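Let's take a look inside this protein and see what its empty spaces are lined with. Have the chain in view as you read.

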Amino acid sequence: MRLNPEEVSWVIQQEIEKYHEDLSLKFESAGRVLYVGDGIARVWGLDDVMMSELVEFPDGTLGIVLNLEIDNVGVIILGSDRNIREQDIVKRTGKIASVPVGEAMLGRVINALGQPIDGKGAIETKEFRAIESSAPGVVQRKPVNEPVQTGIKAIDSMIPIGRGQRELIIGDRQTGKTTVILDTIINQKNTGVCCIYVAIGQKSSTIAQVVKILEEHDAMKYTIIVAATASDPAALQYVAPYSATALGEHFMYNGKHVICFYDDLSKHAQAYREIALLLRRPPGREAYPGDIFYLHSRLLERSAKLSAELGGGSLTAVPVIETQANDVTTYIPTNVISITDGQIYLESDLFYAGVRPAINVGISASRVGGKAQSKAMKKVAASLRLDLAQYRELAAFAQFGSEMDKTTQAQLVRGERMIEVLKQDKFKPISLSKQVMIIFIGTKGFLDDVPLPFIKNFENEFYLFMDENHPHISNSIEQSLDLDQKTMEQLNEAVTKFKSDFKLRYQI
């Protein structure tokens, strides 16, 4: 059979004329699942995938690429792996993991991917932000100089927290770490500060209790709760604090002030260790992977007080670490202590002795210090920390029943009363003016001759007395954030009068 060239060219020309480009066709980079289990998958064929890129499984579940190896990639699965099988096709998305952000998130309980889990319907927001981003540079930052009022006397007077600071809360379980956080959130009412609470590896019932307390105190309207419960996969517990920080950064770069509470980073480190071991990464000290320090440093470094050119917003980080048997020298606690700008140490012995909040002033520190404190508080609490440290030392000697001179006895009396003054009921934060007044009374010796059992009554009745008879003193402190000579003299007179009436009333 002989082919006629003219006929062949005619046929080709006809076919070309009939050809229309099918715009629905598209090329996708895909691979296949080699292994799946325990919340991770190994995928073959994704040769051009990027680190931290999102990939999609056939059932719509997403995963993040964490390991890039010669013949496969390791993926952590952001959800259940029950419907994923070997040989399933895995597609690249070309996107980095991100979460929805914006004002609509306030008042909601969401999971680590920004999806609502509070049963209040969908969240209407069109803005998204990558969960991992670079920390602001040195030039973009401003020194920390504005206080975050926690409403807790012991913290605001001796271990002040500033906007843009990273202050660690550390202590054994059941010593009041979450209570300190809830007090601080409640105290931000009407201040314009947004709060983000990240619950990592906690029971769902515990998180529900937190939501209930915040709703009772009308604090949910300026709070976002990011929940990665104990029943969630380790991948979601690992992602949760980064998602929360992305939510906070949105407000910070829009000139607002945010406090982000990470409760707690011990469980976060454990979730990451689980993922790393499943991905066959080499274990190091305490079986944690080698980059465990970087895990928390890249998270907490994103907290900052921005310069005026960038809007002057701030993101304050308050991470929580749980210790075992009061030991702060183990791996994760020492790592996070070295990253943060100070720590509030809660001691179980103090807690069980009835000193609540159970803050050990000797070990606690704030490396920002007085820069993040109002002038009024600086004036009344300047010597308080040293006085308490000396009192604890003297109290240890006093146990032996040795003879003491009058000066030492006076120090012990003053110290006992200051410990009593710094005790506080939970979920009852105290305003700055009341804190300044009661610490002024204690440090100036007005309580030295008041018996210990009457200190609490003295404090409560004094607040009422000042509100009814001298509201101008509180207003002056709140507005000027200072305690000038005239206000100090008026406060002196008011306390002297109240004390004489109080002693008559209780026949002291």
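Helices α2 (153-158), α11 (384-398) and α12 (406-422) each supply at least two residues of the largest cavity's lining. Helices here are DSSP runs of H or I with at least four residues, strands are E runs of at least two, and both are numbered from the N terminus. This is a predicted model, where local features need pLDDT of at least 70, side-chain atom pairs count only at pLDDT 80 or more, and totals for chains, interfaces and linings use all residues. Residues are numbered from 1 along each chain as its sequence is written, and side-chain values use heavy atoms, with hydrogens and water left out.

A cavity is a set of points on a 1 Å grid over the protein atoms alone where a 1.4 Å probe fits but cannot get out, and lining residues have an atom within 4 Å of a point. Here are two of them:

| Cavity | Volume | Lining residues include |
|---|---|---|
| Largest | about 100 Å³ | Ala 154, Leu 388 and Ile 419 |
| Second largest | about 90 Å³ | Ser 52, Ile 64 and Tyr 238 |

For the second largest cavity, α5 gives the most to the lining, with 3 residues.

Now for strand β15 (residues 257-263): 7 of its 7 residues are buried (under 20% relative accessible area, 1.4 Å probe, protein chains only), so β15 is largely enclosed by the rest of the structure. His 257, Ile 259, Phe 261 and Asp 263 point one way from β15, and Val 258, Cys 260 and Tyr 262 the other way.

Technical notes
Buried means under 20% relative accessible area, exposed over 50%, partly exposed in between (1.4 Å probe, protein chains only). On a 1 Å grid over the protein atoms alone, a cavity is a set of points where a 1.4 Å probe fits but cannot get out, and a pocket is an open set with protein on both sides within 12 Å along at least five of seven lines; lining residues have an atom within 4 Å of a point. Grid points are joined across faces, edges and corners, and a volume is the space filled by probe spheres set on the points.
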